[in-house]
Amino acid sequence: MAQVRVRFAPSPTGFFHIGSARTALFNWLYARHTGGKFILRVEDTDQARNSEEFLQLIYNSLTWLGMDWDEGPNPNGVGERGDFGPYRQSQRADIYQHYLQKLLASGRAYEKDGAVWFKLLGERYQTFDEHRKKEVEKVKSAPVVIDDQIRGRVERMEDEDFVIFRSDGNPVFHFVNVVDDITMQITHIIRGEDHLSNTSKHVRLYEGFGVVPPVFAHIPLILKSPEMGQGKMSKRDKGALIEEYQQRHFLPEALVNYLALLGWNAGDNREKMLIADIIQLFDLPGVNQSNAKFDGKKLAHMNMQYLLEQPAEHFLAQARGYFQSLATGAAALADETYFREIMLLAQPKIKGLEELAAYTVYFWSDDFPIDAKVKEKVMAKGDPRARLAELIAALPTLDFTADAAIEAGIKSLAESKGLGFGDYQAVARLAVTGTNAGPSITSIFRVLGRARIQSRLEKLAAPGA
RNA sequence: GGCCUUAUCGUCUAGCGGCUAGGACAGCGGAUUCUCAAUUCGUUAACCGGGGUUCGAUUCCCCGUAAGGCUACCA
């Protein structure tokens with residue numbers, strides 16, 4: 001069998017969204033699985049809605065997600081690579097003209113009302129279309145049979161001539177799509193199910209050119225989650241844009257892993273898997289036939305799993321990038337050793353990088369928010385003021401060199417009063433961090449150091465505080 | 001309206017004629033812990049309805065129903 005050639009053909013008319021990313025992913029996975037070529041083709045024939053900015057966004061998103069393409073425009077937008085170019089439809093006008101002439105010459109296309117129509121073969125008859133409320137010409141012919149790799153055998157009637165070149169001289173989607181796939185020698189078309197109904201037109205076009213159609217595989221669509229409403233996920237839905245996950249510092253491996261699981265599975269109970277394993281196991285017949293609803297919670301969980309097991313150096317690099325992207329991030333990055341210490345405390349506790357700033361505020365400044373509800377609760381239980389006073393008194397002799405030493409010190413203080421470590425923990429945490437959540441209080445003491453701990457404890461102990 | 005596709009826990013899914021219908025996320029409860037997470041143990045929860053075929057249907061067929069898509073001189 002000849003080498004597999006698949007393509008992802010987005011049109012740069014808007015932000016890059018989840019559905020497009022998954023279509024790209026399935027194509028990419030199939031190419032990598034089979035050792036074939038993954039081609040990026042830009043469908044930029046809609047001059048009115050196209051923009052270079054959106055095009056660059058597509059390059060960036062694909063690259064961020066780790067999907068490299070073998071042929072197509074270069075990721076920096078300058079030039080392109082591959083032997084079947086140009087890869088931007090806006091530069092292929094002469095090719096479309098050439099193929100149009102073929103059809104005209106063979107009598108499979110004709111002009112009407114200034115547009116060019118594709119001519120179906122078969123007996124013609126007039127009929128009244130109830131829905132459109134007008135007389136139309138139909139063609140009697142055998143139904144188109146599509147042998148879809150995912151859907152199985154699908155039959156669909158194609159019984160009306162259709163426009164392939166608009167009266168403004170521009171070719172329509174169906175035409176350019178087929179011509180490009182022929183000239184780029186695409187062997188497998190993997191695309192969303194929303195194109196299944198279009199496929200009968202495409203097959204007729206292939207036949208019109210005397211070319212055997214490629215293999216089709218229509219993948220299920222991604223639908224809105226129940227909270228978002230009904231229907232296909234659109235760019236306007238929350239969580240629909242790849243850009244959003246990039247800005248929120250999700251790990252691309254986690255997103256790719258989640259996306260792969262939407263409509264496909266490894267055949268066993270594995271979910272979190274290496275991309276190399278996904279490539280090895282992925283195949284078209286294994287793809288589901290039913291649409292899937294997007295679940296942001298499961299994606300978040302996947303992201304957390306990846307985050308937890310990141311090697312420290314990787315996590316630190318990610319965290320650095322995250323703080324660099326924040327307007328207020330400079331304070332955190334000022335002291336590398338201090339930063340590192342804190343990040344390692346945070347890594348096992350957070351669910352996503354985006355939580356990092358809020359999770360660690362009290363390390364960067366003495367001016368951190370205090371959770372009023374937590375304060376009310378903590379100050380109402382036991383005798384927190386007495387505990388605070390005792391802690392402050394014990395501070396000068398407390399050994400700050402290690403977590404264990406701090407813990408031992410507070411424990412012995414507690415024992416001397418007939419209390420437990422827990423009786424000091426909550427109020428100390430409130431004074432030092434303003435919350436009831438966070439890393440071990442002993443680690444916080446050690447990292448923040450005696451002086452800052454003392455001033456924060458005293459601040460809360462002050463009358464009226 | 002016509003045509004096409006789909007239908008297992010709330011969600012993602014396993015199942016490819018005979019299973020106590022399995023896993024994951026979310027939920028709930030316990031354990032662990034200095035808090036919060038994480039972790040761990042347990043638990044709630046599903047075969048859309050009706051006809052067939054068959055000794056036997058979640059599984060195959062048909063009809064409903066529901067969901068999604070396409071119905072443009074958009075892509």
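This report covers the protein surface around RNA strand B and one residue, Ala-404. The model is predicted.

**The surface near RNA strand B**

RNA strand B is surrounded by 63 residues. The closest are Arg-166, Lys-349, Gln-425, Asn-436 and Ser-440. Of the strand's atoms that come within 4 Å of the protein, 67% belong to sugar and phosphate. By class, the surface near RNA strand B holds 24 polar, 20 charged and 19 nonpolar residues.

**Polar contacts**

Three contacts to RNA strand B are set out below.

| Residue | Protein atom | Atom of RNA strand B | Distance |
|---|---|---|---|
| Arg-166 | side-chain N or O | phosphate oxygen | 2.4 Å |
| Lys-293 | polar backbone atom | phosphate oxygen | 2.9 Å |
| His-131 | polar side-chain atom | base nitrogen | 3.5 Å |

Several elements give two or more residues to the surface near RNA strand B. The strands are β10 (152-156) and β15 (292-293). The helices are α4 (173-183), α9 (296-308), α17 (422-433) and α18 (441-448). Which element gives the most to this surface? It is α9, with 6 residues.

**Ala-404**

Ala-404 sits in helix α16, which spans residues 403-416. Is Ala-404 buried or exposed? Its relative accessible area is 56%, and exposed means over 50%, so Ala-404 is exposed. Ala-404 and Lys-351 are 53 residues apart in sequence. In space, their C-alpha atoms are 27 Å apart.

Methods
Residues numbered from 1 in each chain as written. Chains lettered and ligands numbered in written order. Predicted model: local features only at pLDDT ≥ 70, side-chain atom pairs only at ≥ 80, totals over all residues. Heavy atoms only, no water. Near = heavy atom within 4 Å. Polar contact = N/O pair within 3.5 Å; in protein donor to acceptor, adjacent residues only side chain to side chain. Helix = DSSP H or I, 4+ residues; strand = E, 2+ residues; numbered from the N terminus. Nonpolar A, V, L, I, M, F, W, Y, C, P; charged D, E, K, R; others polar. Buried < 20%, exposed > 50% of the residue type's maximum accessible area, 1.4 Å probe, protein only.
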